[in-house]
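Me: I am new to this structure and would like to know how its labels are earned. Could you take me through a few of them?

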Amino acid sequence: MAVLKTSSVALVLGGVVLAACVKPEPPKDYMLTCLHETGAKGSYVRSADRVGVNGLPVILPAAGGDARGAVLMNACVEEHHREAGTLPNPAGPTPPKMMSNGKLSVPMGYELSPEDVALWKTLTLEQQKRAYEFLKSGSTIQSSLLED
């Protein structure tokens, strides 16, 4: 029985060490999703040198694609990034806006991980206001939840 417990502890500790070594997931690429969602015909590519006002690379028509499809694709990708809270903001950070549910939208222009965005959505309005003040000063959402 003692051997089983030791093995179980070793397995758990090994899993914790492995989890610490895993790299964070890169931002999601929404082009394929949007190709299906928009029904755009043909193929599309990301411009290597053009960035839109939203900070995302501009999607251009390629073989069989057209300008209308590119517009739909760009709007779709931007919307997915906005919903995920991963939309870049080249103009700098912007304050969150009050939403119809009585909470604040995710602040844009800050380095927020998917975990930060998920945490933000669980906070009360007062916690979101405090977290935003912390973000503006260069701190983190998590640190805003610690007692002073």
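Me: Why is R82 called partly exposed?

Reply: Happy to explain! Buried means under 20% relative accessible area, exposed means over 50%, and partly exposed is in between (1.4 Å probe, protein chains only). R82 has 40% relative accessibility, so R82 counts as partly exposed. This is a predicted model, where local features need pLDDT of at least 70 and side-chain atom pairs count only at pLDDT 80 or more, while totals for chains, interfaces and linings use all residues. Residues are numbered from 1 along each chain as its sequence is written, and side-chain values use heavy atoms, with hydrogens and water left out.

Me: What makes E78 and R82 a salt bridge?

Reply: The term asks for a side-chain nitrogen of Lys or Arg within 4 Å of a carboxyl oxygen of Asp or Glu. For E78 and R82 the N to O value is 2.7 Å, so the pair fits the definition. R82 also meets E79 in a salt bridge, at 3.7 Å, and E78, E79 and R82 are linked in a network.

Me: Why is E126 called exposed?

Reply: E126 has a relative accessible area of 53%, so the label is exposed. Its salt-bridge partner is K129, with the closest N and O atoms 3.8 Å apart. K129, at 37% relative accessibility, counts as partly exposed.

Me: How do you know whether S144 is buried or exposed?

Reply: S144 has 3% relative accessibility, and therefore counts as buried. Leaving aside neighbours within four places in sequence, S144 is in contact (heavy atoms within 4.5 Å) with R130, A131 and F134.
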